[in-house]
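Let us go through the charged pairs of this model and ask what justifies each label.

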Amino acid sequence: MLQTIEEVLDNKVRPKLLEHEGDVEAVEYKEGILKVRLLGQCAGCPSAQLTTEELISDVICSEIPEVKEVVLYMK
């Protein structure tokens, strides 16, 4: 499943984040929940939660129905 997630991140999410000098890392996938960590300029951005919900979650959940929720991992 993580390979499929990475493919979607590579093709549909990362290009948008790279425009802002950011990136995303898939930390863990378990029982329909994907934990992601924002990297680069996106890591400390005040809009990190919004980016996770509106960009990453929307794309991942629409492309991979098994993923029910995307959560921002902050460690």
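Q: What makes the contact between the side chains of Asp-10 and Arg-14 a salt bridge?

A: A salt bridge is a side-chain nitrogen of Lys or Arg within 4 Å of a carboxyl oxygen of Asp or Glu. The side chains of Asp-10 and Arg-14 meet at 2.4 Å, N to O, so the pair satisfies that cut-off. This is a predicted model, in which local features need pLDDT of at least 70 and side-chain atom pairs count only at pLDDT 80 or more, while totals for chains, interfaces and linings use all residues. Residues are numbered from 1 along each chain as its sequence is written, and side-chain values use heavy atoms, with hydrogens and water left out.

Q: Why is Arg-14 called buried, and why does Asp-10 count as partly exposed?

A: Buried means under 20% relative accessible area, exposed over 50%, and partly exposed in between (1.4 Å probe, protein chains only). Arg-14 has 13% relative accessibility and therefore counts as buried, whereas Asp-10, at 44%, counts as partly exposed.

Q: What do Glu-25 and Arg-37 tie together?

A: The side chains of Glu-25 and Arg-37 meet in a salt bridge of 2.6 Å, N to O. Glu-25 lies in strand S1 (residues 22-30) and Arg-37 in strand S2 (residues 33-40), so the pair ties together parts that are 12 residues apart in sequence; strands here are DSSP runs of E with at least two residues, numbered from the N terminus.

Q: Why are Glu-25 and Arg-37 called partly exposed?

A: Glu-25 has 30% relative accessibility and Arg-37 has a relative accessible area of 22%, so each counts as partly exposed.

Conventions. Helix = DSSP H or I, 4+ residues; strand = E, 2+ residues; numbered from the N terminus.
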